[in-house]
Amino acid sequence: MHVLCLDLEGVLVPEIWIEFAKVTGIEELKRTTRDEPDYAKLMNYRINILKKENLKLKDIQKVISGMNPLPGAKEFIQEAKSLLQVIILSDTFTEFAHPLMEQLGFPTIFCNSLKIDSDNFISGFSLRQEDGKTKAVKALKSINLKVMASGDSYNDLGMIKVADSGALFRTTDKIKADFPDIPAYTEYSQLIEHIKRFKTEF
């Protein structure tokens, strides 16, 4: 059996924190895993900004409720699912993901969770496990599944490298330059062609 493991934000949906930054006008919240490889450091940075600006979980969820998948993402997921199994491996949170997963037809997603205090402020976060994307791909391979992985950020590189086949998607010029051996695509049609080659070669 063949499995595709995909990142979520930047690949299928817009970056949630960037969209929230646009709505609130807080430029500091545009920083993502494309900029900061240390996810815990990035999240603590975000939580501190939210506290300072008196912003709550409900404020972020309101923005997410108005978001849509990237153009062509839903059709891509449908076509990919006709070719192989699809699992989304994301560092987002269950408290964020539901409206977007609904629009994508509820593909399987493994992600993290937030800690919310009694006043609806984000007080912390719980990672499903450290380096969860890489470990998930390794676990799938350990039960004799053939795995392809794709994402756009530093925190996707681990799973891409350990997968049987991997690709970057709509990543930064710096990441492409730093990892020239990893195929890099900008269109969903290119990912579909990679999937078809992956199924033939593995």
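Student: In this predicted model, is Asp-7 buried or exposed?

Tutor: The cut-off for buried is under 20% relative accessible area. Asp-7 has a relative accessibility of 6%. Asp-7 is therefore buried.

Student: Where is Asp-7 placed, and which residue makes a side-chain polar contact with Asp-7?

Tutor: Asp-7 sits in the loop between S1 and helix H1 (16-24). Outside its four-place sequence neighbourhood, Asp-7 touches residues including Ile-88, Ser-90, Asp-152 and Lys-133. The side chains of Asp-7 and one of these residues form a polar contact of 3.0 Å. That partner is Lys-133.

Student: Which residues does UniProt give as "active site"?

Tutor: The feature comes from an unreviewed UniProt entry. The residues in this set also help line the largest cavity. They are Asp-7 and Glu-9.

Student: Is Glu-9 buried or exposed?

Tutor: Glu-9 lies in the loop between S1 and H1. Beyond four places in sequence, its contacts include Trp-17, Thr-92 and Asp-152. Its relative accessible area is 11%, and the limit for buried is under 20%. So Glu-9 is buried.

Student: Which elements cover the buried residues of H6?

Tutor: Helix H6 spans residues 132-142. Its buried residues include Lys-133, Ala-136 and Val-137. Lys-133 is also the polar partner of Asp-7. The cover of the buried H6 residues includes S1, S2, strand S5 (146-151) and helix H7 (157-162).

Student: Which residue with positive phi follows H6?

Tutor: H6 covers residues 132-142. The residue that follows H6 has a phi near 65°. This residue is Asn-144.

Student: What is the strand order of the open sheet, and which are its edge strands?

Tutor: The sheet has 7 strands with mixed pairing. The order is S4-S3-S2-S1-S5-S6-S7. An edge strand here pairs on one side only. The edges are strand S4 (122-126) and strand S7 (184-185).

Student: How many bridges join S1 to S2, and which residue is the bridge partner of Cys-5?

Tutor: Strand S1 holds residues 2-6 and strand S2 holds residues 85-93. The two strands run parallel, joined by 4 bridges. In S2, Cys-5 has the bridge partner Ile-87.

Student: Which helix lies across S1 and S2, and at about what angle to S1?

Tutor: S1 and S2 run parallel. The helix across them holds residues 73-83. It is H4, at about 155° to S1.

Key
Residues are numbered from 1 along each chain as its sequence is written. This is a predicted model: local features need pLDDT of at least 70, side-chain atom pairs count only at pLDDT 80 or more; totals for chains, interfaces and linings use all residues. Side-chain values use heavy atoms; hydrogens and water are left out. Two strands pair if DSSP finds at least two bridges between them. Contact means heavy atoms within 4.5 Å. Axes are lines fitted to C-alpha atoms, for helices over the stretch in contact, and angles run from 0 to 180 degrees between N-to-C directions. UniProt positions are given in the numbering used here, feature names are shortened, and annotations may be inferred rather than shown by experiment. On a 1 Å grid over the protein atoms alone, a cavity is a set of points where a 1.4 Å probe fits but cannot get out, and a pocket is an open set with protein on both sides within 12 Å along at least five of seven lines; lining residues have an atom within 4 Å of a point. Buried means under 20% relative accessible area, exposed over 50%, partly exposed in between (1.4 Å probe, protein chains only). A polar contact is a pair of N or O atoms within 3.5 Å; within protein, one must be able to donate a hydrogen and the other to accept it, and residues adjacent in sequence count only if both atoms are side-chain atoms.
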